[in-house]
Amino acid sequence: PWLLVLLILLCWSVTDTKRVNETWGNPARATQDDPHHQTNSTGHKKAFPVLSFHYEEVKKPLEISLWILLALLMKLGFHIIPRVSNVVPESCLLIFVGLLVGGIIKAIGGEAPGLDAKLFFYYLLPPIILDAGYFLPIRPFTENLGTILVFAVVGTLWNAFFIGGMMYGVLDLLSCLLFGSIISAVDPVAVLAVFEEIHINELLHILVFGESLLNDAVTVVLYHLFKEFAHAGTVTVADAFLGVVCFFVVSLGGIMVGAIYGILGAFTSRFTAHTRVIEPLFVFLYSYMAYLSAEVFHLSGIMSLIACGVVMRPYVEANISHKSYTTIKYFLKMWSSVSETLIFIFLGVSTVAGPHAWNWTFVIVTVILCLVSRVLGVIGLTYIINKFRIVKLTKKDQFIVAYGGLRGAIAFSLGFLLTDSDMKNLFLTAIITVIFFTVFVQGMTIRPLVELLAVKKKKESKGSINEEIHTQFLDHLLTGIEDICGHYGHHHWKDKLNRFNKAYVKRWLIRGERSTEPQLISFYNKMEMKQAMMLVESGSAAKLPTIVSSVSMQNIQTKGPARRRAIPSISKSREEEIRKILRANLQKTRQRLRSYSRHDLLIDPFEDVSEVRFRKQRVEMERRMSHYLTVPAKSQETPPVRKVCFESEHQIYTYDDSESPRGSAQASRPHPSSPDAVSLLDESPQRPSQRGALRTRGDAEVRAKAPDDKEEQDQLKLSRCLSDPGPKKDEEEDGSFLS
Amino acid sequence: MGASQTRSEHKYQDLMDKTGFSVEQIKNLHKRFEQLSGNEETISRENLENIPALANNPIRRQIIGAFFDKRNQHQNEVGSFEEIGFEQFLMVMSHFRPPTLKTTEEERETMRKEKLRFLFNMHDTDNDGTITLEEYRKAVEELLSKSGAIGQEGAKAIADAAMLEVASTNVPHMAPDDFYEGITFEHFEQILKGLEMESRMHIRFLDVDTTTMRCGRSTS
């Protein structure tokens, strides 16, 4: 209810400004003259205005902010009311709100702002496309590139000519073709908005989405082509040929422009180590420049933006700090979300505002033709494509692809850009009807249809190191088999590209040692970082997350046949005693642990990837040490999610006097034990000083050296700590245990 | 023309039944086999090692080893061959066939198991039915073998983490004394369930002969 009030308030203020402008414009000017007169003639002072109303100066930013605020409040409102948002996709609701706002404004008598094409193409569309392009899942995209291109290019051409041709009866051919070209393109904004919520499997998502992105080139060419010719009136073969050439220029040129800016962006990010704060800006600005540069030459701006994001991403991500990465991610999501919301609201408002020429036949025929041509196109193309695909598209897939061909705001804006004629209004009305139909009808029904047809949904994949290992393994395996078979397939070329990338490109564009880091290791580091971050968050929330597994490193280490015993074995009963005591103490010390965690972990260590790696390796090292020492294992930074627990209860040693007075470790000291399901263990409260000493020593040394020397450090430390003189390198992991 | 076709079909009929390839595909693979073997009846490891394109592959040895592994012949034998003939070559290749539109759900399941079995055999070098930590470490090291020193350092940590992950997902509660012997085939299947092997582990087998394209010659 309060939302409605706010809504009305905002509308009123918007319309008021418009009315105010008209009415206040004159008096304002008049009053401006007067003071001048007065000051000139009499020179006598007005009273100093303590509080005055200067609406004019602030008008524009205020309006913009009000609109955005309205959009966001609406979006907020929908998510508070879950029932509605489950049935109706957000885009529909937003259009509806737009209609409402438009209606209110009109009722009040103001003039509603239409969807300004320039605003749309230069400010609202780029964030959405950049968000899509930057986070485009590369693997499925490249694997299905052929299919996507066929759908995008041939499918859109077919749609345009079919619709245009069929409408021939109503208007002259060229206008019809122009109309066809506007209405035929699947719209990325609408597709994103609807498909985001239904979570279908990756293949279908990338097919429809990829198509919506790549058909921009076709749309641009056809639109400009027919726009020119609609004036000229005739078309010759030469023109058609030029059109084809233009298509290649537009698409390839757009991609090239994007790639150039992408490389520039990647190269720049190489040097930003000392100015981390502006890193995200580089990404945004280079991408925006790519878009604008492409638009200057009437090349495909969307393809340029996608190319820029795709090219830039792997290198930039290797160079920038984790915080910058998060910033980029959230800014992109934020901007694209706002843009999308605004687009849909404006679409609704424009519907109410715009001049309409309602022609029943034209509109109905358009809607039907769109549907028919889409279905025919998809079926026909799939038939051809399936001859070349290995994993064929089933009928269900085809249906979803056809059904997902939504039209959206791009079509509307293109229509808006047409020069004024009576046909323009006709077109606009039809376009809006089609958009409404696809977004409302198809958008709302696609979710139950997906359920009904039992289409495969997206798998929630949490990063699994095993999957990554085997994905890489498979890549190499399949490349190898292809080589044995003797033909140069998909994998062969991908492998070649990867090698080229590794040998030449990465060295130029990635700073420091990360340029030679293999992909598996980057993935592993990223996962470690993610888990560590989760620990930070859960640690600061002061609650131990539920632990699923008690499996630890010890469970998988091989107990080598040579079990070296440092001290005579403890009898079983004694061991049980020890264990009991340790467990009891663990409860007491857990409280302590929490306070340690909170303070310790809130120091933000994640400035830098290498910094994280330092810490990870330090934890690793210390964990290894704990296998040999009775020193309560330092484990605060070990993420519970790793499901590792320390248990050194049966690894009891004597050690050197190099470490302080420990003697033979007995149960006198509370020991971290391993109850059945725990992960975080703590430090003995009695030993923080020694531990601290060890740690700071470790710190100082560790920080001074490059990560490559880490291993050396570990070895040295271990050899100092063990009672046995320097363990052999390969056996350092096999603890000599007592059991 | 017709006669020679039926003759070659006969020759390949049982191969087709065993491996599922079409006649054209078998013919192409046979040509390739002869190329590799130098027109002999069998190929040895050296023949495969001499393929220049394989030189850059980090897991070259495992791939070649898989061809000579008796376990991949589906005849319940173990050990390895010294040389293999065309039929064995085809059997190994048949693991890389893709599913078609007509493959049923159960056939897909069987296919997936088969492919995962192939991968498992590649890792389980001592053929004891489990992939131990050592074997897994070795596998990851090989994978990173072309990546220099950084690769080698990280390999151990990665293999350990991976093993830990398998153990935690499959046997969540282990007492500290328990020892996780190794990844069994069931665990292996479980951990790679998400990858949908039957849709990923395949290559394109050509129906058309690309090595010698002759115009006007009909190849059915």
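This is a tutorial dialogue on reading a predicted model with two of its chains, A and B.

User: Where should I begin with the secondary structure, and how many helices and strands are there in chain A?

Analyst: A count of elements is a good starting point, and in this predicted model chain A has 26 helices and zero strands. Chain B, by contrast, contains ten helices and four strands, and along its sequence these elements follow the pattern α-α-β-α-α-β-α-α-β-α-α-β-α-α.

User: How should I read burial and contacts for whole chains, and what share of the residues in chain A is buried?

Analyst: Burial can be read as a share of residues, and contacts by how far apart their partners stand in sequence. Of the 739 residues in chain A, 54% are buried, and among its contacts between residues at least 6 apart in sequence, 82% join residues at least 24 apart. For chain B, with 220 residues, the buried share is 49%, while 57% of the contacts between residues at least 6 apart join residues at least 24 apart.

User: What is the accessible surface of chain A, and how much of it belongs to carbon and sulfur atoms?

Analyst: Chain A has an accessible surface of about 34100 Å², with 65% belonging to carbon and sulfur atoms. In chain B the exposed area is about 10900 Å², and carbon and sulfur atoms supply 49% of that area.

User: Which residues make the nonpolar surface patch?

Analyst: A patch is read by its members and by the elements that carry them. Here W158(A), W358(A), W360(A), I364(A), I368(A), L371(A), V372(A) and L376(A) make a nonpolar surface patch of about 790 Å². Helix α15 of chain A, residues 360-385, gives the largest share, six residues, whereas W158(A) belongs to helix α7, residues 145-166.

User: Is W158(A) buried or partly exposed?

Analyst: W158(A) counts as partly exposed because its relative accessible area is 36%, a value between the cut-offs of 20% and 50%.

User: For comparison, why does S287(A) count as buried, and what is it in contact with?

Analyst: S287(A), which sits in helix α12 (residues 279-296) of chain A, has a relative accessibility of 0% and therefore counts as buried, the cut-off being under 20%. Leaving aside neighbours within four places in sequence, S287(A) is in contact with L130(A), L305(A), C308(A) and M312(A). One of these partners, L305(A), is 18 residues away along the chain, and its C-alpha atom is separated from that of S287(A) by 6.0 Å.

User: How is chain B divided into domains, and how many residues are in contact between them?

Analyst: A domain may be built from separate stretches of sequence, and the assignment for chain B gives domain 1 as 8-98 + 202-219 and domain 2 as 99-201. Their C-alpha centres lie 25 Å apart, and 20 residues of domain 1 are in contact with 20 residues of domain 2.

User: What does the UniProt record list for residues 111-146 of chain B?

Analyst: A record's annotation should be kept apart from what is computed from the model. The unreviewed UniProt entry lists residues 111-146 of chain B as "domain: EF-hand". In the model, that span is 67% helix and 6% strand, and its end C-alpha atoms lie 31 Å apart.

Definitions and conventions. Residues numbered from 1 in each chain as written. Chains lettered and ligands numbered in written order. Predicted model: local features only at pLDDT ≥ 70, side-chain atom pairs only at ≥ 80, totals over all residues. Heavy atoms only, no water. UniProt positions renumbered as here; feature names shortened; annotations may be inferred. Helix = DSSP H or I, 4+ residues; strand = E, 2+ residues; numbered from the N terminus. Patch = residues over 30% accessible without salt bridge, like charges linked within 9 Å, V, L, I, M, F, W, Y side chains within 5 Å. Areas by Shrake-Rupley, 256 points an atom, 1.4 Å probe, with all protein chains shown as cover. Salt bridge = Lys/Arg side-chain N within 4 Å of Asp/Glu carboxyl O. Buried < 20%, exposed > 50% of the residue type's maximum accessible area, 1.4 Å probe, protein only. Domains from an automatic or database assignment. Contact = heavy atoms within 4.5 Å.
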